[in-house]
Amino acid sequence: RNVVLFDRSKERVYLAQTGLVGAPDLPNHLTAYTLVPGETSLAAGKDALEVVFESPEQGGVKLRKTLTLQRGNYAVQVRHDVVNTGTAALSPQLYVQLVRDGNAPPGESSFYSTFTGPVVYTDASKFHKVDFKSIEKGNTEHDKTADNGWVAMVQHYFFSAWLHNDKAPREFYTRKIDVNLYAVGQLFPLGEIAPGASKQFDSVLFV
């Protein structure tokens with residue numbers, strides 16, 4: 001049977017989110033984005049579909065998210081274009097995160113246990129599991145900074161991950177964000193963006 005990963009229902013919360021921080025009122029994952037007119041289904045004979053979402057202007061910034069889905073490929077290319085529409089230079093940070101409830105996947109066997117939860121990977125510490133109980137207690141041990149690595153949410157045979165393959169400074173975080181709701185993510189400094197200028201940042205969302 002098909003397995004649903006990303007979901008927001010009474011049974012499950014499991015989301016991929018992105019946004020900006022570093023100044024007041026910047027577009028984040030709670031901002032209402034507008035779908036830019038264009039194709040929204042992969043037509044027969046086509047190998048790729050590009051879907052674009054655009055935020056309203058907030059805090060002197062407009063954020064444009066472009067998702068490129070390829071036929072037969074679980075890796076979604078995600079491009080963020082950050083446009084400074086204000087009159088002062090800004091130095092925002094971009095976050096990419098996975099949010100999930102702490103419940104076991106439906107249908108999990110009672111005869112053997114499998115890990116469900118966040119993973120942080122860096123070249124220094126390799127594959128590091130972080131269980132939900134540790135996040136709940138505020139007792140997590142994983143690399144907090146690196147110029148490489150990725151984050152994932154794992155459940156038995158299935159996982160999602162945020163990947164950025166270029167060497168670039170980043171922070172890793174795991175946190176409780178609500179009752180029985182947890183996040184794992186990365187935070188990337190984008191550097192200074194002058195008024196009228198823009199900056200592009202590319203990531204991969206593997207699902």
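Arg12, Arg100 and Asp101 are linked in a network of salt bridges. This report describes a predicted model, beginning with its charged pairs and proceeding to its sheet, its aromatic rings and a surface patch.

## Salt bridges

In total, the structure holds 7 salt bridges. Within the network named above, arginine 100 forms a salt bridge with aspartate 101, and the closest N and O atoms of this pair are 3.5 Å apart. Both arginine 100 and aspartate 101 are buried.

Two further salt bridges are formed by arginine 79 with aspartate 81 and by lysine 167 with aspartate 147. The table lists three of the bridges with their N to O distances.

| Basic residue | Acidic residue | Closest N to O distance |
|---|---|---|
| Arginine 79 | Aspartate 81 | 2.9 Å |
| Arginine 100 | Aspartate 101 | 3.5 Å |
| Lysine 167 | Aspartate 147 | 3.7 Å |

The bridge of lysine 167 and aspartate 147 has its closest N and O atoms 3.7 Å apart. This pair links distant parts of the chain, 20 residues apart: lysine 167 belongs to the loop between β12 (158–163) and β13 (170–178), whereas aspartate 147 belongs to the loop between β10 (145–146) and β11 (150–155). Lysine 167 has a relative accessible area of 60% and is therefore classed as exposed. Aspartate 147, with a relative accessible area of 33%, is partly exposed.

The two members of the bridge between arginine 79 and aspartate 81 also fall into separate classes of accessibility. Arginine 79 counts as partly exposed because its relative accessibility is 27%, while aspartate 81 is buried, with a relative accessible area of 14%. The cut-off that applies to aspartate 81 is 20%, under which a residue is called buried.

## The open sheet

An open sheet is formed by 9 strands with antiparallel pairing, and their order is β3-β4-β5-β6-β15-β12-β11-β8-β9. At its edges lie β3 (34–35) and β9 (126–129), each of which pairs on one side only.

From the β9 edge, the pairing can be followed inwards. Strand β8 (residues 116–122) runs antiparallel to β9, and 4 bridges join them. Valine 120 has histidine 128 in β9 as its bridge partner. Strand β8 also pairs with β11, in the antiparallel sense and over 6 bridges; here glycine 117 stands opposite valine 154 of β11.

Strand β11 pairs in turn with β12, again antiparallel and over 6 bridges. In this pairing methionine 153 stands opposite serine 160 in β12. The hairpin of β11 and β12 has 2 residues between the strands, and histidine 156 takes a positive phi near 55° there.

## Strand β11 and glutamine 155

How many of the residues of β11 are buried? The strand is mostly covered, with 5 of its 6 residues buried. Glutamine 155 is located in β11. Its relative accessible area is 6%, so glutamine 155 is classed as buried.

Which residues does glutamine 155 touch, leaving aside those up to four places away in sequence? The contacts are Leu5, Tyr14, Arg100, Pro105, Phe115 and Thr116. Two of these residues appear elsewhere in this report: Arg100 belongs to the salt-bridge network with Arg12 and Asp101, and tyrosine 14 takes part in an aromatic pair with phenylalanine 6.

## Aromatic pairs

Across the whole structure, 7 aromatic pairs are found. Phenylalanine 6 and tyrosine 14 form an edge-to-face pair, with 5.3 Å centre to centre and 85° between the planes. The edge-to-face label follows because the angle of 85° is over 60 degrees.

Are the two partners buried or partly exposed? Phenylalanine 6 is partly exposed, with a relative accessible area of 30%, whereas tyrosine 14 counts as buried at 1% relative accessibility. Elsewhere, Tyr74, Phe159 and Phe206 are linked into a cluster by ring pairs.

## A nonpolar surface patch

Val3, Tyr157 and Phe158 form a nonpolar patch on the surface, and together they have about 330 Å² of accessible area. Valine 3 lies in the segment before β1 (7–8). With a relative accessible area of 43%, valine 3 is partly exposed.

Technical notes:
Residues numbered from 1 in each chain as written. Predicted model: local features only at pLDDT ≥ 70, side-chain atom pairs only at ≥ 80, totals over all residues. Heavy atoms only, no water. Salt bridge = Lys/Arg side-chain N within 4 Å of Asp/Glu carboxyl O. Buried < 20%, exposed > 50% of the residue type's maximum accessible area, 1.4 Å probe, protein only. Pairing = 2+ DSSP bridges. Patch = residues over 30% accessible without salt bridge, like charges linked within 9 Å, V, L, I, M, F, W, Y side chains within 5 Å. Areas by Shrake-Rupley, 256 points an atom, 1.4 Å probe, with all protein chains shown as cover. Contact = heavy atoms within 4.5 Å. Phe/Tyr/Trp six-rings, centres within 6.5 Å; stacked < 30°, edge-to-face > 60°.
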